[in-house]
Amino acid sequence: MDLRLPSKVLEHIFSFVDSNEDRNSVSLVCKSWYETERRTRKKIFVRNCYAVTPEAVARRFPEMRSLTLKGKPHFADYNLVPDGWGGYAWPWIEALAEKSPSLEELRLKRMVVTDECLEKIAASFKEFKALVLTSCEGFSTDGLAAIAVACSNLRELELRECIVEDLGGDWLSYFPETLTSLVSLDFSCLDSAVKLSDLERLVSRSPNLKSLKLNRAVSLEALGSLLRLAPQLVELGTGSFSDKLDQEAVSKLSQAFSELKQLKSLSGLWDVHPEYIPLLYSVCPRLTSLNLSYATVQMPDLVELLSRCSNLQKLWVMDLIEDKGLEAVASSCKELRELRVFPSGAEDLDETNVAMTEQGLVSVSEVCPNLESVLYFCVQFTNEALVTIARNRPNLKCFRLCVMEPFSPDHKTQKPLDEGFKAIVEGCKDLQRLSVSGLLTDKAFQYIGTHGKKIRMLSIAFAGESDLMLHHLLSGCESLNKLEIRDCPFGDTALLENAAKLETMRSLWMSSCFVSFGACKLLSQKMPKLNVEVIDEHPPETRPDSSPVERIYIYRTLAGPRLDMPEFVWTIHKNLEIGVSNLAIE
Amino acid sequence: MAYEKVNELNLKDTELRLGLPGTEQVKEEQEVSCVRSNKRQLQSDIEEESTPPTKTQIVGWPPVRSYRKNNNSVSYVKVSMDGAPYLRKIDLKIYKNYTELLKALEIMFKFTIGEYSEREGYKGSGVVPTYEDKDGDWMLVGDVPWDMFSSSCKRLRIMKGPDALALDSAI
């Protein structure tokens with residue numbers, strides 16, 4: 001008797017399995033489940049574009065409708081990856097155009113996207129609905145025009161912090177009058193002004209528009225007319241928030257804001273003039289997300305604004321908020337889940353009277369029960385504060401602390417911050433992402449290795465004393481997926497001893513450490529399923545095994561060595577005489 | 001290697017020696033580097049310390065995305081007033097001229113300033129607004145055209161009392 005469920009039934013059951021983590025588990029059960037699952041998966045996530053070939057992905061998932069791809073390593077955000085390293089979208093778009101023409105959504109992060117890519121998307125995917133580019137570069141506004149003119153079912157066009165060659169604001173005018181399906185438009189990272197009348201017409205014929213993020217060039221006055229055309233907005237990114245408005249214009253704008261009954265998220269707010277902050281008061285009580293990280297607003301005005309945001313869950317702000325402001329946030333915003341405090345540049349390292357310290361974060365941790373994600377830039381910290389925060393918030397999932405001066409000790413005791421971070425990893429058992437800073441010895445990493453069992457991503461800079469640091473982490477952190485290290489004084493031994501661990505991780509980045517060329521060669525030979533990339537912009541004339549490398553980027557891959565390596569990237573496959581096979585593993 | 005070249009402090013930290021790396025050493029380095037030459041000899045300059053050398057030299061540190069760095073208006077200047085217990089920060093970009101700036105300062109620090117004239121400085125109130133420019137020189141606020149001032153001003157100091165009178169009469 002055949003006890004297997006017919007594949008049609010399996011398909012139906014799997015259609016209820018949304019999370020890809022679950023789908024991955026499903027496909028491991030048996031061949032028949034693997035086959036059925038792969039034929040029904042629509043949303044695909046490839047978190048390292050070099051881990052697998054586009055052909056392999058298209059072949060495995062014939063019903064792919066949505067693809068998310070990530071390219072450069074995270075530290076590329078901080079200029080640590082030289083230009084020309086890679087992360088090109090073209091091979092993917094070219095392959096998908098041929099093999100997955102029904103593709104509807106493309107989400108790319110840290111990739112090089114050219115106008116050619118955008119034109120290819122516009123020409124190849126008839127049902128294309130969503131293009132979301134985050135931290136991408138390589139294209140111009142001409143490419144955007146190509147998307148605008150051709151994608152007649154476009155729902156989402158979002159450019160998040162991309163570097164775009166701005167040839168003017170004409171691109172917006174290419175959206176045809178027949179396009180009425182827009183749900184989300186984000187052009188906040190562009191410089192040039194778009195034609196206001198075209199933008200108004202686009203907005204007024206987009207009844208489903210829920211998210212609109214304008215660029216800085218859109219004036220406050222123009223914002224008013226746009227808001228009147230789209231009172232249904234759920235997410236708004238304003239343009240420049242200062243102008244010379246007369247009384248009538250101000251009251252009209254105020255009225256427009258108060259009509260935004262569905263607004264939950266607010267961002268943009270460049271050049272905020274204090275005079276216009278009260279315009280926002282009417283939307284504050286409904287806001288769950290507020291991004292003030294580009295708003296140069298002083299503490300008293302921030303407190304006035306935030307005291308009205310009782311439902312706020314996500315707050316991004318600059319350190320202009322000061323400790324006092326964070327105390328006010330703590331008492332007003334009890335629903336807070338995520339807090340990010342960015343450096344304004346106003347806080348200087350030699351200042352004797354520092355207005356934002358560890359105390360601000362401690363206050364928030366004391367009072368906000370749902371606080372689970374923190375990114376905090378500051379000039380000083382203490383072990384005591386870290387211990388308190390850990391005790392207050394054992395539910396922390398993401399803790400990224402950046403004490404801006406490297407090697408800063410506890411400013412009260414002058415001791416390393418080892419004990420403080422120990423408290424964090426011991427107390428916060430669900431911690432998945434951790435960035436450490438300040439003065440740290442190997443001990444700190446012993447603690448992290450012992451207790452940080454759920455940590456998936458770990459970022460380290462200017463820390464540790466010896467190879468033990470790396471060894472503790474690689475041997476102790478069971479869930480470790482991404483590890484990125486810069487300017488730490490060690491490398492070889494721990495790396496080679498824990499080579500097998502690297503296959504269980506997505507990637508390891510080490511720059512300005514003491515990893516030798518010889519160790520890189522050895523590691524490559526030992527672990528053929530890893531790409532071990534040595535990235536040296538200024539390689540020495542000859543490379544003795546003992547010479548240190550500038551950067552090393554190691555990632556597991558099924559695709560073998562990549563074919564688009566620039567001059568300054570070395571892998572063992574470039575040295576055939578060493579005898580390692582360079583056949584791609586399919 | 002960037003690690004060695006850019007930051008001498010780091011190399012010392014990896015030397016074999018007793019004690020934890022970076023504790024006493026760091027403090028010493030900072031104290032030594034605090035002497036800076038100013039053209040004006042002002043008595044109450046005790047808190048003047050130069051920026052530690054590490055701040056501007058390290059690539060990609062602090063870890064802030066270049067997009068954010070480029071779009072952030074970093075035209076803050078610290079404002080101190082003699083006798084006031086706290087420093088404030090202001091964004092010079094939001095003021096269009098000296099009148100607006102001085103009015104804002106008056107409100108911020110609760111004082112009134114005298115009339116400014118090019119020849120005689122600020123007469124009347126014993127309060128003299130000064131600023132430090134890009135070259136490290138201390139100048140009287142108002143001496144140069146606004147645009148030149150706003151692009152070269154690094155910090156403001158509102159002087160009161162004997163130092164102010166000394167400066168006033170020196171002009």
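Reader: How much space lies in the largest cavity?
Author: This is a predicted model, where local features need pLDDT of at least 70 and side-chain atom pairs count only at pLDDT 80 or more, while totals for chains, interfaces and linings use all residues. Residues are numbered from 1 along each chain as its sequence is written, chains are lettered from A and ligands numbered from 1 in the order written, and side-chain values use heavy atoms, leaving out hydrogens and water. A cavity is a set of points on a 1 Å grid over the protein atoms alone where a 1.4 Å probe fits but cannot get out, and its volume is the space filled by probe spheres set on the points, which are joined across faces, edges and corners. For the largest cavity that comes to about 170 Å³.

Reader: OK, and which strand gives the most to the lining of the largest cavity?
Author: There are 16 lining residues (those with an atom within 4 Å of a point), and A:Pro73, A:His74, A:Lys482, A:Ser507 and A:Tyr553 lie nearest the centre. Strands here are DSSP runs of E, at least two residues long, and helices are runs of H or I, at least four, both numbered from the N terminus. Two strands of chain A, 19 and 20, each supply at least two lining residues. The biggest giver, with three residues, is strand 19.

Reader: What about open space: which residues are closest to the centre of the second largest pocket?
Author: A pocket is an open set of points with protein on both sides within 12 Å along at least five of seven lines. The second largest one holds about 1,400 Å³ of space. Helix 2 (20-27), strand 1 (43-46) and helix 4 (54-60) of chain A each give two or more residues to its lining. Of the 35 lining residues, the closest to the centre are A:Asn24, A:Phe45, A:Arg47, A:Ala51 and A:Arg556.

Reader: Is A:Leu470 buried or exposed?
Author: A:Leu470 belongs to helix 17 (residues 467-476) of chain A. Buried means under 20% relative accessible area, exposed means over 50%, and partly exposed is in between, with a 1.4 Å probe and protein chains only. The value for A:Leu470 is 0%, so this residue is buried.

Reader: Which residues does A:Leu470 touch, skipping those up to four places away in sequence?
Author: Touching, or contact, means heavy atoms within 4.5 Å. One partner is A:Leu483, 13 residues along the chain, with 10.0 Å between the C-alpha atoms. The full set of partners is A:Leu483, A:Ile485, A:Phe490, A:Gly491, A:Ala494, A:Leu495 and A:Met510.

Reader: What do the buried residues of helix 17 of chain A pack against?
Author: Helix 17 is mostly covered, with seven of its ten residues buried. Those are A:Asp467, A:Met469, A:Leu470, A:His472, A:Leu473, A:Leu474 and A:Gly476. They pack against helix 16 (442-451), strand 18 (457-461), strand 19 (482-486), helix 18 (492-497) and strand 20 (507-511) of chain A.

Reader: Which helix gives the most to the largest nonpolar core?
Author: A nonpolar core is a set of buried Ala, Val, Leu, Ile, Met, Phe, Trp, Tyr and Cys residues joined through side-chain atoms within 4.5 Å. The largest has 185 residues, and A:Phe257, A:Leu290, A:Phe399, A:Ile460 and A:Leu483 touch the most other members. With five residues, the helix that gives the most is helix 9 (residues 220-229) of chain A.

Reader: How far apart in sequence are the parts tied together by A:Phe342 and A:Phe377?
Author: Rings of Phe, Tyr and Trp (its six-membered ring) pair if their centres lie within 6.5 Å; planes under 30 degrees apart are stacked, over 60 edge-to-face, and the rest tilted. This pair is stacked, at 6.4 Å centre to centre and 25° between the planes, and both residues are buried. A:Phe342 lies in strand 14 (residues 338-342) and A:Phe377 in strand 15 (residues 373-378) of chain A, so the pair ties together parts separated in sequence by 35 residues.

Reader: Whose charged end sits over the ring of A:Trp85?
Author: A:Trp85 is in an aromatic cluster with A:Tyr50, A:Phe75, A:Tyr78, A:Trp509, A:Tyr553 and A:Tyr555. A charge sits over a ring if NZ of Lys or CZ of Arg is within 6 Å of the ring centre and within 35 degrees of the ring normal. The residue lying over A:Tyr50, at 4.5 Å from the ring centre, is A:Arg562. Over A:Trp85, at 4.4 Å from the ring centre, sits the charged end of A:Arg562.
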